[in-house]
Amino acid sequence: MMKIAITQASGQLGGSIAAHLIKKIGKDKVIGLARTPQKAAHLGCEIRPGDYEDAKQMESSLQGVDTLLLISGNTQPDLRIPQHRNVLTAAKRSGVKKIVYASIEGPLEGTLFSPIVQSNRTTEADVKASGLKWAIGRNGIYIEPDVEYIESYKSSGIVRNCAGEGLCGYTTRDELAEAYVHLLIDDSLEGDVYNLHGMAISQVQLVDYLNETFGTHLTYESISVAEYAKDRTNELGDLLGGIVAGIYDGISRGEFNRQSDYEKVVGRPHIAWNDYFKSLN
Ligand SMILES: NC(=O)c1ccc[n+]([C@@H]2O[C@H](COP(=O)([O-])OP(=O)(O)OC[C@H]3O[C@@H](n4cnc5c(N)ncnc54)[C@H](OP(=O)(O)O)[C@@H]3O)[C@@H](O)[C@H]2O)c1
């Protein structure tokens, strides 16, 4: 029986992809790989250990797997590349035939987010050179964190960042999950790279959606990249604060306003933001 394994099955994206895949092909054909397997037990499929740091463990967990979804790690850029290489090497050694890599969109140069984008492009090159069949998705920016942040926005009354008037191709983890199911099972999508996001919107549009949904009166305020980077690193530390500031800097530069390949992959358009925000009520 053909088996598909999903990394980071204990995470929000990996868990959602595994759940969508189980619905599509049945739980017997899906294997969840997780650094912390007990956190993925709720999925109801077989769960095996899957720590990116442990190549030997990965190799043993990938026995009998035909197709593998590799989701980008979330550690610092220079550590991600060897982690992803561990997974690729294990996949080759254990006889995996096809790899789908969940990468990211974003600015390759000039922002604090760019080292992350570069590390993902390095893994994309590794995937293409692996000798396995492959497909690559580049994820847009998750919209859920802005929704989850609503109480904090309410307390200040302001959404403040350095995106300015830039448009951002946001997405949701569920919409990404649907796209990755297609990339995993549809052979006609092999050998290509796909941008996965919905209609690009500005921060002012995002704030309008939040106000309509939550009955708030938030306003948007654009601040400088330096000011925003200082604010974010104070609150989140150098790595995460820099990533967040670099993402909004990238939005202001138009780096998240690219052509989306979502409909090409899924066969229907990405959910419209109007419908997404209505679904939250
Ligand atoms: N597009 C965006 O806007 C955006 C935003 C944030 C992150 N991302 C990227 O998207 C990925 C998935 O996002 P998410 O929302 O699902 O994140 P999440 O819910 O925080 O999940 C992160 C996952 O990474 C796993 N992990 C961490 N270190 C690992 C290792 N050494 N080996 C194997 N697994 C490891 C965690 O496992 P444990 O359960 O063991 O901790 C967890 O399952 C992230 O890892 C990051 O690369 C994208």
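**Entry 1, helix α3.** I began just past the end of α3, where the helix is followed by G95, a residue whose phi is positive, near 90 degrees. I note here that the model is predicted, so I read each value as a property of that model. Turning back to the helix, I checked its length: at 1.5 Å a residue the 17 residues of α3 should span 24 Å, and the end C-alpha atoms are 25 Å apart, which agrees. I then listed its buried residues, which are R80, Q83, H84, N86, V87, L88, A90 and A91. What covers them includes α2 (55-61), β4 (67-71), β5 and α4.

**Entry 2, helix α4.** I repeated the check on α4 (residues 114-128), for which 15 residues at 1.5 Å each should span 21 Å, and I found the end C-alpha atoms 21 Å apart, in agreement. The buried residues I noted in α4 are I116, V117, S119, N120, T123 and V127. They sit on the same side of the helix, because they cover an arc of only 160 degrees around its axis. Among the elements covering these residues I found α3 (77-93), β5 (98-104), β6 (133-139) and α10 (238-252).

**Entry 3, D126.** I looked up D126 next, which has its place in helix α4. I had to ask whether D126 is buried or exposed. It counts as partly exposed, because it has 18 C-beta neighbours inside 10 Å, whereas a buried residue needs 20 or more. Leaving aside residues up to four places away in sequence, I found that D126 touches H84, R85 and L88. I also noted that D126 and I81, though 45 residues apart in sequence, are 9.2 Å apart in space, C-alpha to C-alpha.

**Entry 4, strand β8.** I moved to β8 (residues 158-161), where V159 and N161 make up the covered face, while I158 and R160 make up the uncovered one. In a regular strand the side chains alternate between the two faces of the sheet. I traced the pairing of β8 with strand β11 (residues 219-222), which is parallel and runs over four bridges, and I found R160 opposite E221 in β11.

**Entry 5, the ligand.** Last, I examined the surroundings of the ligand, where I counted 22 residues, the closest being S10, G11, L13, R35 and T36. The elements that give two or more residues to this shell are α1 (12-25) and β7 (141-142), and the largest share, three residues, comes from α1. By character, I recorded six nonpolar, twelve polar and four charged residues in the shell.

How values were computed
Residues numbered from 1 in each chain as written. Predicted model: local features only at pLDDT ≥ 70, side-chain atom pairs only at ≥ 80, totals over all residues. Buried ≥ 20, exposed ≤ 12 C-beta atoms within 10 Å, placed from the backbone. Pairing = 2+ DSSP bridges. Expected span 1.5 Å × (residues − 1). Arc of directions from axis to C-beta. Contact = placed C-beta atoms within 7 Å. Near = placed C-beta within 6 Å. Nonpolar A, V, L, I, M, F, W, Y, C, P; charged D, E, K, R; others polar.
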